[in-house]
Amino acid sequence: MSDELTQRVLKVIATSKRIPLETVTIDSEFQQLGIDSMDAVEILFALENEFDISIPDDEVRTVRNVRQMAEGVEKLVAAKAAGASAGQ
Amino acid sequence: MRRVAITGMGAICALGRNVEEVGASLCQGRPGIGRIESTDCSQLRFQNGAEVRGYSHQPYFDDRRADFIDRFAQFAVIAAREAVRCAGVEWTPELRENAAIITGSCVGGQSTEDIGFHEVYKLGHNRVHPLTIPKTMANAGASHISMEFGITGPSFTISTACSSAAHAIGQAYWMIRSGAAELAVTGGSEAPFSFGILKAWEAMRVVSPETCRPFSKDRRGMILGEGAAMFVLEPLEAARARGAPIHAEIVGFGMSADAAHITQPSAEGAGRAMRAALRDASLAPEQIGYINAHGTATPANDVTEASAIRAVFGAQANGLPVSSTKSMHGHALGAAAALECLATVLALRDGVLPPTANFTEADPECDLDVIPNCARPTQVEYAISNSFAFGGLNAVLALRKA
């Protein structure tokens with residue numbers, strides 16, 4: 001996972017949940033950060049806007065921490081890039 | 001305090017255009033869920049809903065009258081007409097003055113508003129249709145019912161998301177019981193199949209991409225529905241005196257607020273509403289023979305509701321039939337509790353408990369007798385109907401076989 005992508009994910013979470021960026025790390029669990037299901041839905045919305053991706057419901061059902069969320073975003077960003085280059 | 005009878009019922013939803021059709025679908029466990037036809041869903045993550053298929057206003061309203069009435073309010077009037085006809089109400093000037101109308105709706109005419117906002121925001125037009133406001137207002141259903149029958153008594157609309165119709169029916173019940181009204185037309189109506197509204201539901205990530213499977217281990221969320229159910233309530237003695245049909249009695253109503261979270265349900269709040277309804281009805285939990293569940297089929301609701309039922313009913317919950325008819329008529333938001341009250345009345349009246357359709361696999365976290373897939377012939381004396389809204393506002397109705 002690139003540092004740049006991770007940093008963007010951490011920033012989206014911190015901004016959306018309105019908590020200091022330094023409290024969010026790649027190893028944070030949602031429970032530690034007080035992120036409930038509605039917070040998670042808002043963060044997904046913000047991530048979709050930040051990375052211009054669409055995150056399917058099924059992909060998010062088991063996500064419980066920041067690392068899983070960042071890995072999911074990375075996969076969708078890669079799939080989008082592959083789709084774009086295939087289209088060229 | 002007076003006893004309160006349900007003397008008239010009317011309905012229109014994905015399961016049928018009248019009470020008889022809806023009742024037949026419920027007994028057969030036949031869902032009205034399918035691909036959404038009234039709105040283009042190609043840009044949505046879900047494609048299925050419980051619509052009134054092929055609906056046109058034409059058998060019900062002339063074109064000019066229909067111009068003034070959003071689909072949600074049309075449904076309200078259609079169901080109210082059937083309910084009033086079924087009750088055989090004989091209107092007098094005194095009765096019209098002493099009759100109340102209390103309706104529930106969550107989104108009201110937002111589909112009309114959606115069209116107007118599309119005109120100004122997307123198409124760049126400088127004006128919206130002048131009927132946008134009177135068609136959008138959530139009380140339009142109550143207003144059009146009042147004009148339809150010339151009812152001039154206390155009339156209003158309650159909007160408590162998915163509990164709206166239960167709060168409405170409960171208030172109407174209390175008004176008849178206390179003598180504040182001699183007759184009430186009450187229920188709920190909804191028509192949420194508009195692109196902007198569907199997009200908002202998509203963003204919540206609570207709508208199933210396939211069907212609605214309440215209490216089933218593989219449930220994937222709710223299915224939106226539309227329609228209306230309306231009832232005529234009267235004092236039991238007056239109804240008997242005039243020889244009116246008595247479909248069931250309403251015997252209790254309870255409400256509570258979770259005061260916890262704007263979307264996550266609380267078992268404690270749900271339990272308090274059930275207990276309040278039992279207390280209002282002077283019933284012990286052991287007397288309840290059937291629960292029509294809120295049962296949305298979201299992961300959160302069904303576990304929470306099952307745990308609340310266990311907390312209220314204790315060991316009795318093991319043998320207590322509980323079903324969610326949302327598996328068939330979908331989640332019709334502000335109309336949901338009215339459709340579910342209807343399903344409960346029919347279960348009591350006809351001695352057939354409606355099933356939880358689309359059920360595949362038991363979830364240990366929803367360890368209840370959910371009447372999977374097949375209706376069950378059972379005579380029941382008392383039943384409750386649960387409604388738990390987003391925002392944590394809960395309402396429970398208690399009913400008795402006539």
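In this predicted model, helix α3 of chain B (residues 71-87) lies across three strands of the same chain, namely β1 (4-13), β6 (183-190) and β7 (227-235). The helix runs at about 135° to β1(B). Helix α8 of chain B (residues 164-178) also lies across strands, and its list is β1, β4 (99-104), β5, β6, β7, β8 (248-257), β13 and β14 (393-401) of chain B. Relative to β8(B), the angle of α8(B) is about 120°.

What do these helices lie on? The strands in question belong to an open sheet of 10 strands in chain B, and reading across the sheet gives the order β5-β4-β6-β7-β1-β8-β14-β13-β9-β10, with mixed pairing. At the edges stand β5 (155-158) and β10 (322-323) of chain B; each has a single partner strand, so one side of each is left without a neighbour in the sheet.

Inside the sheet, a few pairings can be followed strand by strand. β8(B) and β14(B) run antiparallel and are joined by nine bridges. Here B:F253 sits opposite B:L397 of β14(B). On moving along the order, β14(B) is joined to β13(B) by seven bridges, again with the strands running antiparallel. B:I384 has B:A398 in β14(B) as its bridge partner. These two strands, β13(B) and β14(B), make a hairpin with four residues between them, and B:G391 in the turn has a positive phi of about 95°. The next pairing goes the other way: β9 (residues 288-292) and β13 (residues 382-388) of chain B run parallel, with four bridges joining them. In this part of the sheet, B:N292 faces B:S385 in β13(B). As a general point, side chains in a regular strand alternate between the two faces of the sheet.

Back to helix α8(B), which also has a helix for company. Its axis and that of helix α14 (residues 336-350) of chain B come within 5 Å and cross at roughly 65°. The residues that meet are B:A165, B:A166 and B:I169 from α8(B) and B:A337, B:A338 and B:C341 from α14(B). Sorted by class, this contact has six nonpolar residues, with no polar and no charged ones.

Chain B also touches chain A, and here charge comes into the picture. The contact takes 10 residues from chain B and 13 residues from chain A. About 990 Å² is buried between the two chains, and carbon and sulfur atoms give 41% of that area. On the chain B side, B:R45, B:R205 and B:R220 lose the most area to chain A, together 56% of what that side buries.

Which contacts cross the interface? The rule finds five salt bridges between chain B and chain A, along with nine residue pairs in polar contact. By class, the side of chain B that touches chain A has four nonpolar, three polar and three charged residues. One of the salt bridges pairs B:R220 with A:D58, with the closest N and O atoms 2.5 Å apart. In another, the side chains of B:R45 and A:E48 meet at 3.4 Å, N to O. A:E48 lies in helix α3 of chain A (residues 37-51), whereas B:R45 is in the loop between β2 (34-35) and β3 (48-49) of chain B, so the pair joins two chains. Over all chains, a search of the whole structure finds 31 salt bridges.

Note on methods. Residues numbered from 1 in each chain as written. Chains lettered and ligands numbered in written order. Predicted model: local features only at pLDDT ≥ 70, side-chain atom pairs only at ≥ 80, totals over all residues. Heavy atoms only, no water. Contact = heavy atoms within 4.5 Å. Buried area = accessible area lost by both parts, 1.4 Å probe. Salt bridge = Lys/Arg side-chain N within 4 Å of Asp/Glu carboxyl O. Polar contact = N/O pair within 3.5 Å; in protein donor to acceptor, adjacent residues only side chain to side chain. Nonpolar A, V, L, I, M, F, W, Y, C, P; charged D, E, K, R; others polar. Pairing = 2+ DSSP bridges. Axes fitted to C-alpha atoms, helices over the stretch in contact; angles between N-to-C directions.
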